[in-house]
Amino acid sequence: MHDFPPLVDAYTPAETSRPDTRSPSRFLFWTLRVQWDVVAAMSLTGVLWMLPGAISPLLFGKAIDSGILLGDVHAVLFWAGLLTVVILIGAAAGIAQHTFVVRGWLIAMYGIQKLTTRKAVQLGHILPRRAPTGEVLSIASSDADVFGQTIEVFSRMIGALGSFVLVCVLMFTTSPTLGLVVIIAAPLLVGAASPVLRPLNAAQTAERTQNSELTSMATDIVAGLRILRGIGGERTFGRNYADQSQKVRWLGVATGTWQAVTETIGVLLSGLLLVVLVWLGSHEMLAGELTVGQLISFFGYALFMVVPLQTFFEFAQKWVQGLVSARKTITLLSATSPLADGEQALAPRPQLRDAASGVTVEPGRFLAVVSAVPDDSAALADRLGRYLPSQQQDEADEDEDLGRREASARRKAREAERAAAARADAAVGAIDWGVTADGVDYRHVRLASLRERVVVSDTGSQLFAGTLQEVVDPWGTHSRSEAEDALHTAAAEDVFAAMPDGWQSRVDELGRGLSGGQRQRVVLARALLLDPEVLVLVEPTSAVDAHTEAAIAERLVRHRRGRTTVVMTASPLILHHAEEVSLLVDGREVARGSHRDLLTLPAYRQVVGRGMEEDE
């Protein structure tokens, strides 16, 4: 049996890939339903595990009444042997339950992580527009663990409920008065903790939200550590992180306080029930309604009842925590891409035309796009790849003394902004995109076909951790000579030479061990190795020196000859080798021709001349 980790089918159109996101409680029940067999095994073994605690008082009382008081050795041995068998069954069931608990916990944890990963892949560039980075990381880590805890305590609650019902039946058949007291008092005791659950829920929600913001701050600091050190900002951001961590700490203390109150209520009320049962049982024995053995059995029952009652209180507490995590998780899993998926496949070597700028991309040509405003050419690249325009990401609050109401209002405002952005994205995705391929608007083209044939590599492209071979060829479908050719075109031979183990050298996440120019060239090599029919590059040489840029410019045009290539750049070195150059003014194409021809235009010379000054 493959248990560690278990095989979780979260990528196929099975039920496990369609979570119920209608409400937090429905989502929690869905996590139980998708592994009902494991939950059933946990619950059954949980009942058997608690069997000795429920049955032992009865067997012990029988041994006293029919054996010890009457001096019957055989009866004592019989009941003692039966008690031993029950204890062995409970021990074996405890071992089996622990195995099933670990399995169910891992299935829940890895299943949520896979669902989160799949949703991140589905949304792609839309993911940061729907949830902060820290929120996604918290769902895949802490929330996934919470769902494992919820499933574990649910199975124990079922076991506790089964043993509780059994003890109630035993008590009722022996003493209807005591059995009736337990049946009536138990629900009242559990319900007595309900007023505490609302503030506990509020405290856990606040802690969970602030903790995700803390995680977002940490990821932002790590990603920009090199820049922060360059401008001397690491102390400021470190102080902000420390302030936020203190907020999370105090919220954790508040959450722990309410949890302690819940547990205290459980222990106190269970103890009171124990006292009442002992008092009533003693009076019934003095009245001759109970034997000595039965009274001892009732004492055992009363002591045992504390365990299932405390389990009920723990279940209520963990279920509330699970609802908090489920509320965040379904927000992510219910997010959908606003881009309508068409039915037509993108034709080979398509002619692309962007209505907003008037730029036409001819198949098989190397086109360079020049703009005095880099955002205009970057927006053109997004439209050609059918990516929503970039938007400013929400930042964590930097105010040190925000009150609870102000912090809550700030969080609600950010949620409202994200909801408004989602509605705006949906409106954009519901109309024609404005870019046509052979006269067909992108809206009617299948996204999978578009992503396969049109690749956009911009300055925000990132590197994943792995070997140099995995970084350059993450698909693992290219030969070594092809990879070396891509490195050569990107002038990244020095990156390979600096690696101690060649292609098997490790590269850190986001390429942190590389300089800005090295990382940019590795990203370019990865895009070139994919060899798409249409390659759109945004400022591919902005972080390299003039000598390296000249080598890349010459090699890039030669490498992509005969295939459609669009480069957003103001570098004269690349423009000199381009087959065509398009000049954008205020986002519209105003001139088109060779680099030499466009040099006669003042607007073009102003942009290119600035690039030449930067090269110098």
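This report walks through the fold of one protein chain, from its overall make-up to its sheet, its cores and a few individual residues.

## Overall make-up

The model is predicted. Its chain has 616 residues, of which 47% count as buried. Secondary structure amounts to 21 helices and twelve strands. Looking at contacts with a separation of 6 or more, 80% come from residues 24 or more positions apart. The accessible surface of the chain is about 29800 Å², and carbon and sulfur atoms own 60% of that area.

## A helix to look at

Helix 10 covers residues 292-333. How far apart are its end C-alpha atoms? They are 60 Å apart, which agrees with the 62 Å that 42 residues should span at 1.5 Å a residue. Helix 10 is also largely enclosed by the rest of the structure, because 30 of its 42 residues are buried.

Helix 2, residues 36-68, holds Ser43. This serine is buried, with a relative accessible area of 9%. Beyond its neighbours within four places in sequence, Ser43 is in contact with Ser155, Ile158 and Gly159.

## The six-stranded sheet

Now to the strands. Six of them make an open sheet with mixed pairing, and their order is 6-9-10-3-11-12. Strand 6 (454-457) and strand 12 are the edge strands, each pairing on one side only. From one strand to the next, the twist averages 20°. In general, strands of a sheet pair through backbone hydrogen bonds, either parallel or antiparallel.

The table sets out four of the pairings in this sheet.

| Strand pair | Direction | Bridges |
|---|---|---|
| Strand 9 and strand 10 | parallel | five bridges |
| Strand 3 and strand 10 | parallel | four bridges |
| Strand 3 and strand 11 | parallel | five bridges |
| Strand 11 and strand 12 | antiparallel | five bridges |

Individual residues help to fix the register. Between strand 9 (residues 534-538) and strand 10, Val536 has Val566 as its bridge partner. Strand 3 (residues 366-371) is joined to strand 10 (residues 564-568), and here Ala368 stands opposite Val567. Strand 3 is joined to strand 11 as well, with Ser371 opposite Leu584.

How much of strand 10 is buried? Five of its five residues are, so strand 10 counts as mostly covered. Its side chains alternate in direction: Thr564, Val566 and Met568 point one way, while Thr565 and Val567 point the other way, and all are buried. Strand 11 is mostly covered too, with five of its six residues buried.

## The hairpin and its turn

Strand 11 and strand 12 form a hairpin with two residues between them. Val585 has Arg588 in strand 12 as its bridge partner. Asp586 sits in the loop between strand 11 (580-585) and strand 12 (588-593). Its phi is near 55°, a positive value in a residue other than glycine. Most residues other than glycine have a negative phi.

Arg386 is another non-glycine residue with a positive phi, of about 55°. Its place is the loop between helix 11 (374-385) and helix 12 (404-429).

Which of the two categories, buried or exposed, fits Arg386? Arg386 is buried, with a relative accessible area of 0%, under the 20% cut-off. And is Asp586 buried or exposed? Asp586 counts as exposed at 73% relative accessibility, since the cut-off for exposed is over 50%.

## Nonpolar cores

The largest nonpolar core has 85 residues. Which residues have the most contacts inside it? They are Phe27, Leu384, Tyr442, Val536 and Met568. Two of these names come from the sheet described above: Val536 pairs with Val566 of strand 10, and Met568 points from strand 10 in the direction shared by Thr564 and Val566.

Leu384 is a good place to look at this core in detail. Leaving aside neighbours within four places in sequence, Leu384 is in contact with Leu352, Val361, Val435, Tyr442, Val454, Val536, Val566 and Met568. Apart from this core lies another, of 43 residues, with Leu528, Leu556, Val581 and Tyr604 among them.

How values were computed: Residues are numbered from 1 along each chain as its sequence is written. This is a predicted model: local features need pLDDT of at least 70, side-chain atom pairs count only at pLDDT 80 or more; totals for chains, interfaces and linings use all residues. Side-chain values use heavy atoms; hydrogens and water are left out. A nonpolar core is a set of buried Ala, Val, Leu, Ile, Met, Phe, Trp, Tyr and Cys residues joined through side-chain atoms within 4.5 Å. Buried means under 20% relative accessible area, exposed over 50%, partly exposed in between (1.4 Å probe, protein chains only). Contact means heavy atoms within 4.5 Å. Accessible areas come from the Shrake-Rupley method with a 1.4 Å probe; for residues, only the protein chains shown count as cover. The expected span of a helix is 1.5 Å times one less than its number of residues. Two strands pair if DSSP finds at least two bridges between them. Axes are lines fitted to C-alpha atoms, for helices over the stretch in contact, and angles run from 0 to 180 degrees between N-to-C directions.
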